[in-house]
Amino acid sequence: MTSPSARLAGFARPPRLAALCDRLVPWAGGLFVLCLAAALVYALAVAPPDYRQGEAVRILALSLPAAWMAVAVYVLAALLGAAGLTRDRPLVFAAARAALAPGAAFALIAVAAHVLWGRPAWNAWWEWDGRSAFLVLLLLLYLGAGLPARDGDSRRLALLLAAGALALPFLRIATDWWVALHRPEGVLPLGDEPGDAADPLALILMLGAFKAWFLTVWLMRFSAALPRGPEGSP
Amino acid sequence: MKAALALIRRDLLIARRGGGLLPLAVFAALLLVFPLAAGPGAAPLGRLAPGAIWAAALAAHLVALDALFAADARDGSLAAMLAAKAPAGAVVLAKAVALWLAAGLPIALVSPLAAVALGLPVPVLPALVLSLLFGTAAIALLSALVAALALGRGGAALAAVLVLPLAAPVLAFGAGAAELAARGQSWAAPLAVLAALDAACALGVPPAAAAALRAALDRRS
Amino acid sequence: MTAWGAVAAAYGVALAILAGGLLAAGIAWQRVRRRGNGFVQDSFRRRG
């Protein structure tokens, strides 16, 4: 589609890009360790337990930011995919692909944390509330994106990501509506979300740690996917 | 326009010759198995019936997914259709309409039988049929999109994984409409949402699926 | 399951996933840096 010389010009940059990513990784990793330490100390030791949920409220500092990151990363990958579709640049597709696995990791963390949070509260291992249903569907969207990601068909992956990202608000609304429809009266007073009990500072610290982790892993995966000369030299 | 109608007729003929009633058969089979597996006792069944009917409707589309574009892609007619003067989105739209006529419409028309068999009260029936008519249209469009995205080797697994998240809103509002009707409440709101989802899919799916088909065919060549 | 038990399990799982992800990505990344990933300009071009 584009002329060979234009393509080559685009590829003159990847080796330098790879070198840049390689240099940034230790900094991102260090940032992650610092943020994680702060978040763990605060969420586990400093923040007070909730008067209703008890110590279990600490788990919200995991499940809420993880869910936010899972959604944000999927949207990021979808945007990168859309950019790749309009400009036909393999680098942008590579960036999108590199973001998918860490995003799926966040979705896993969110589900696991949500289950373990609910256990003391519901006395059951699983309850199809709005959050659980949404997270399971998000996991399926990541799984669906993971399958063509191996195939190397970037254009269809980008279309899939776009469809999934566009579906996300509908999924949130639909799961919330569905749960509200079936909620027996009087279980939760209106306007009182269990998630509201989470300590805001704990949420922010953990979110920062997650973002730093994502940056580190994304840089590593992106850098590993970039073309290099022989012997890995940039 | 004429080309689109011709494509629809062609698909329906192929479907009738090659077992196009499979989705309907799967739908009926699932809804037969469900009460058998659950055992006697009608009351709990009625509670689950709307969800079961919608789940069966979605599952019925899964079997039709793989064949939607695969045969045409294999013998080259898909490439010819996309290269024709008509916009590629029209091809996708025609395929979706054919799928709806072969699967969604029969399912919606048969659903009253299923509803009665599962113990749903009669006031639910209009809500069920109408919501299924609207909902299966959206599911047909989404099926076309998923089939286009999953075309190729190993696509069936991808299709099965993708359909649920994309079709979940349709399922939620469709089953919700039946649920509200069963409680004697107004089911106009979810029905309106289904109509809106139909419009959104009709606008968004054809171009996206056409692009996916092009990408898939480009890779094969 | 006690509340603290659930908290410990949740944080344990999360840390395991985070650490595991870092490890997996890091190993692959180091391997590419050392040995290259066999990418000739051509094959990368066809992949896009």
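These legends go with close-up views of a predicted model.

**View 1. Chain A, helix after helix.**
Chain A is built from 7 helices and has 0 strands, so its pattern along the sequence simply reads α-α-α-α-α-α-α. Of its 234 residues, 47% are buried. Take the contacts in chain A between residues at least 6 apart in sequence: 82% of them join residues at least 24 apart.

**View 2. Helix α2 of chain A, with its kink.**
This helix takes in residues 14–46 of chain A. Its 33 residues, at 1.5 Å each, should span 48 Å, and the end C-alpha atoms sit 45 Å apart, which agrees. Look for the kink of about 30° at A:L24, shortly before the proline A:P26. The buried residues of α2(A) are A:P14, A:A18, A:C21, A:F32, A:C35, A:A39 and A:A43.

**View 3. Helix α2 of chain B and its two faces.**
Here the helix covers residues 22–38 of chain B. The expected span for the 17 residues of α2(B) is 24 Å, and its end C-alpha atoms are 24 Å apart, so the two agree. Which residues of α2(B) are buried? They are B:P23, B:V26, B:F27 and B:L31. These four cover an arc of only 130° around the axis, so they lie on the same side of α2(B). Helix geometry helps here: an α-helix has 3.6 residues a turn, so residues three or four places apart point the same way. On the face turned away from the buried side of α2(B) are the exposed residues B:V33 and B:L36. Just after the helix comes B:G39, with a positive phi near 85°.

**View 4. B:F34 and its distant neighbour in sequence.**
B:F34 belongs to α2 of chain B. Is B:F34 buried or partly exposed? It counts as partly exposed, because it has 19 C-beta neighbours inside 10 Å, while a buried residue needs 20 or more. The C-alpha atoms of B:F34 and B:L118 are 8.9 Å apart, although 84 residues separate the two along the chain.

**View 5. B:V110 looking across to α2(B).**
B:V110 sits in helix α5 of chain B, which runs over residues 88–117. With 16 other C-beta atoms within 10 Å, B:V110 is partly exposed. Setting aside residues up to four places away in sequence, B:V110 touches B:L24 and B:A28. B:A28 is 82 residues from B:V110 in sequence, yet the C-alpha to C-alpha distance is 8.5 Å.

**View 6. Where chain B meets chain A.**
On this interface, 21 residues of chain B are in contact with 22 residues of chain A. Three helices of chain B, α6 (124–150), α7 (155–182) and α8 (188–220), each supply at least two residues of the side that touches chain A. The biggest share comes from α7(B), with 13 residues. By type, the residues on this side of chain B split into 18 nonpolar, 1 polar and 2 charged.

**View 7. The largest nonpolar core.**
This core has 175 residues, and those with the most contacts inside it are A:A70, A:A113, B:L142, B:A144, B:L145, B:V146 and B:A148. Helix α4 of chain A (residues 90–122) gives the most to the core, with 21 residues. Zoom in on A:A70: leaving aside neighbours within four places in sequence, A:A70 is in contact with A:G103, A:F106, A:A107, A:A110 and A:L138.

How values were computed. Residues numbered from 1 in each chain as written. Chains lettered and ligands numbered in written order. Predicted model: local features only at pLDDT ≥ 70, side-chain atom pairs only at ≥ 80, totals over all residues. Buried ≥ 20, exposed ≤ 12 C-beta atoms within 10 Å, placed from the backbone. Contact = placed C-beta atoms within 7 Å. Nonpolar A, V, L, I, M, F, W, Y, C, P; charged D, E, K, R; others polar. Expected span 1.5 Å × (residues − 1). Bend = angle between axes of the 7 residues up to and from the residue. Arc of directions from axis to C-beta. Core = buried A, V, L, I, M, F, W, Y, C linked by C-beta atoms within 7 Å.
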